[in-house]
Amino acid sequence: MKECFLGNRRSLFQSLFLGLATAWIASDVLASTVARGREEGTFYVPGSNVIGSGNITAYASGGTWYSLGGFTFNPVIGGIIGVGSILQGSAQLQLIGKRGLGPVEAHVTVTLPKNDNLRLFGVSLAGDLFLSTTADTISATSDTSKPEFSPFFFPSITADCDVIARIPSLPLKAYISVGFADQPTLLFRYSQLAIKGGLEARLYKHSFFVDGGVGLYKEKPTRLNGMVGDNGFTQGYVWIGPGGRYRLRDRFSIVGSIKFALVQFLKTSKPLTPDLIGLGIRIEAPVYYRETNTEAIRSLVFMEREKTIRAATAGKDVHTKEYFETLHLDLDTISGKRETFDFSAENEKLVKERAAVQEKMDTLEQMLNEIDTP
């Protein structure tokens, strides 16, 4: 009875161990497949591709920024869903802003055909809707006793160039984006023009990038300026934001960037308060993911490149091995000659040769003596 119990317990432990091992191997196999979204861009600049029909990605971001008005911290949650082969929708909500609940954003993006291919050039057009939750009591149409929460709708355009589509050994991607919302919380006060660009070294899993841009601002007629607005974009700043993307378990991404204001030009009276320096971090999680042709092709490019490098390395190794084997044989041959050289035998040989020569000389001397004797 006790043996039966021990046997059952042993079987239970074996089954549990096999189950854990199988689960670990399965998770490792699943983790070996990199889940990249083809719409992935840098921290500040999106890609021109759309996510793909049916794919869903959720993200959460946050960071702290310092401006002339002090420090701010703005956590954001959002998501992206693929509506069609060249169409996607996205939305995000800023949870806590300096003045309360932040703005709600909704974007509809349409891209050019060949979206599901590793294309060299891509262009997308988006409609950007900003639903303000900031109390507006200063604009021309607002009432100080009844603040407005005005919506704003603008177009934006994004273009990118994926160099790896033509040069497999150069995984660089360049981005440029032009829109009319640099800081959505200030749309009720300023007309804005945001020009952003980025250069990314987009590797198989991780990536490194440098973003940069210009934010231009034109103050609208408000009660703060006596209902007299600016004639043009008289204020603005130039910034740069290096950062990178780190992939966890080949599926989840952590994207971070440090933003610096390099140059700013402001008015002396009631100036703009741009962000001078800040740190932003975003976590992206594919909720539902089906690999697209774009990313499958990208994986193949990296795999073929790796095979080429391995083949070249193997060729060098073979050549090096053959060289050293030949050198080793030569050394062995030389070493063998040195080992078969017997100094005692050679000395004995020389002694014998000298004795033979001396014997011949003695014989010749005896013959000469016999000739000289009468």
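1. Start with the helix α2. It gives the most to the lining of the second largest cavity, with three residues. The model is a predicted one, and the points below concern its enclosed spaces.

2. How much space lies in the second largest cavity? About 60 Å³. Its lining is made up of R38, N49, N117, L118, R119, D160, D162, K173, R202, T294, E295 and R298. Two elements, β7 (151-162) and α2 (293-340), each supply two or more of the lining residues.

3. Next, the character of that lining. Eight of the residues are charged, three are polar and one is nonpolar. Among the residues that line this second largest cavity are R119, D160, K173 and E295.

4. How many cavities of 30 Å³ or more are there in the whole structure? The search finds three. The largest holds about 100 Å³ of space.

5. Which residues come closest to the centre of the largest cavity? They are G37, E39, E40, T57 and P286, out of 16 that line the cavity. The elements giving two or more residues to this lining are β1 (56-67) and β13 (275-288). Strand β13 gives the most, with three residues.

6. By class, the lining of the largest cavity has six charged, six nonpolar and four polar residues. For the second largest cavity, the division is eight charged, three polar and one nonpolar.

7. To look at these places in the model, begin at β13 for the largest cavity, as it gives the most to that lining. For the second largest cavity, begin at α2, which gives the most there.

Conventions
Residues numbered from 1 in each chain as written. Predicted model: local features only at pLDDT ≥ 70, side-chain atom pairs only at ≥ 80, totals over all residues. Heavy atoms only, no water. 1 Å grid on protein atoms, 1.4 Å probe; cavity = no way out; pocket = protein on both sides within 12 Å on 5 of 7 lines; lining within 4 Å. Points joined across faces, edges and corners; volume = space filled by probe spheres on them. Helix = DSSP H or I, 4+ residues; strand = E, 2+ residues; numbered from the N terminus. Nonpolar A, V, L, I, M, F, W, Y, C, P; charged D, E, K, R; others polar.
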